[in-house]
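Student: Please take a close look at the aromatic pairs here, and at the charged side chains that go with them. I would like one connected account.

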Amino acid sequence: MSVGDMSAEDEAPQPVRKRSPIGRLWRKIRKPLAQSTVVKNLLASAIASGLRFVKATNRIAPGSDPVDSFLDVRSNNIYVLWHGQHLLAPAFVPKGQRLPTMFSRSADAELNALAASRLGLEPVRGSGGRDGKHSIEKGGARALIALKKALDQGKSVCMIADIPHGTPREAGLGVITLSRISGRPIVGVAFATSRRKVLEKSWDKTTINLPFGSCGIASTEEIQVPAGASEAEMEDYRRRLTDALNVATKRAYSLADDRT
């Protein structure tokens, strides 16, 4: 009998793959663990400790911009970073300070917010989108108001410049709007380490900073959006910020990777 004559009944049954007892147990408990306040706090503390260790074991690369001038709540600036390139930044918040920072309202961002709060950030939940509708839906409008209040009190604030799951390394209008309504300047900041792991499949090429290397730090010039800026002018400032922060990011990597 040829292979073509074989019927479905003649085919050998495929073995059923059984999960191990440990595998079955993990499937039962992983969701409750993810929702556990105790587990999330333990993970957040571990992440914060890990970031402190990475910062402590990376020397500041020669030529980097003065780290003491960044992420200082007293400077009354709007600090911005790119998604996926921001993970080490909380470790550079000056000790004893609380820097109001926008975090997404998504469940995925909750752990990040918990870890960052242990490093001196003060999470403000919301997402600043490219247009007003998106911002309102994501809670961005309320978050921008909270950040403006902090700026009005003389504090600095921090947010991610690009939109979650949008075009990576392209600034949204949220930060431009905040500068316009607050009268405070935007300062883009970039941190890069010579030893790193890039998650190539992530939408923003998330970069995990590793210890025992060097850290390059670069910033942009202040970008001040006037109160009377038109929509066309705001778009110009958005593009200007995009270009400036990309230049700073490239420079931070160049400083970190310089072997001389």
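Tutor: A contact here means heavy atoms within 4.5 Å. In this predicted model, residues 24 or more positions apart account for 72% of the contacts with a separation of 6 or more. The chain has 260 residues, of which 42% count as buried, and its secondary structure consists of 7 helices and 9 strands.

The aromatic pairs come to 2. In one of them, F53 and F212 meet edge-to-face, with 5.6 Å from centre to centre and 85 degrees between the planes. F53 belongs to helix α2 (residues 37-56), while F212 sits in the loop between β8 (207-209) and β9 (213-219), so this pair links distant parts of the chain, 159 residues apart. F53 is partly exposed at 43% relative accessibility, and F212 is exposed at 56%, because exposed means over 50% relative accessible area.

F92 and F191 form a stacked pair, 4.7 Å centre to centre with 25 degrees between the planes. This pair also links distant parts of the chain: F92 is in the loop between β2 (78-81) and β3 (99-103), F191 is in strand β6 (residues 186-193), and 99 residues separate them. Both rings are buried, F92 with a relative accessible area of 8% and F191 with 3%. The ring of F92 has a further partner: the charged end of K55 sits over it, 5.2 Å from the ring centre.

Now the charged pairs. The whole structure holds 8 salt bridges. One of them joins K40 and E110, at 3.2 Å from N to O. K40 lies in helix α2 and E110 in helix α3 (residues 108-117), so the bridge ties together parts that are 70 residues apart in sequence. K40 is buried, with a relative accessible area of 16%, whereas E110 is partly exposed at 30%.

The bridge between K148 and D152 has its closest N and O atoms 2.8 Å apart. Both residues lie in helix α5 (residues 140-152), 4 residues apart, which is about one turn of the helix. K148 is partly exposed at 25% relative accessibility.

D257 bridges to R196, with the closest N and O atoms 3.0 Å apart. Since D257 is in helix α7 (residues 231-257) and R196 in strand β7 (residues 196-198), the bridge ties together parts 61 residues apart in sequence. D257 is partly exposed at 29%, as is R196 at 28%. Finally, E170, E235, R238 and R239 are joined into one network by salt bridges that share partners.

Definitions and conventions:
Residues numbered from 1 in each chain as written. Predicted model: local features only at pLDDT ≥ 70, side-chain atom pairs only at ≥ 80, totals over all residues. Heavy atoms only, no water. Helix = DSSP H or I, 4+ residues; strand = E, 2+ residues; numbered from the N terminus. Buried < 20%, exposed > 50% of the residue type's maximum accessible area, 1.4 Å probe, protein only. Phe/Tyr/Trp six-rings, centres within 6.5 Å; stacked < 30°, edge-to-face > 60°. Lys NZ or Arg CZ within 6 Å of the ring centre and 35° of its normal. Salt bridge = Lys/Arg side-chain N within 4 Å of Asp/Glu carboxyl O.
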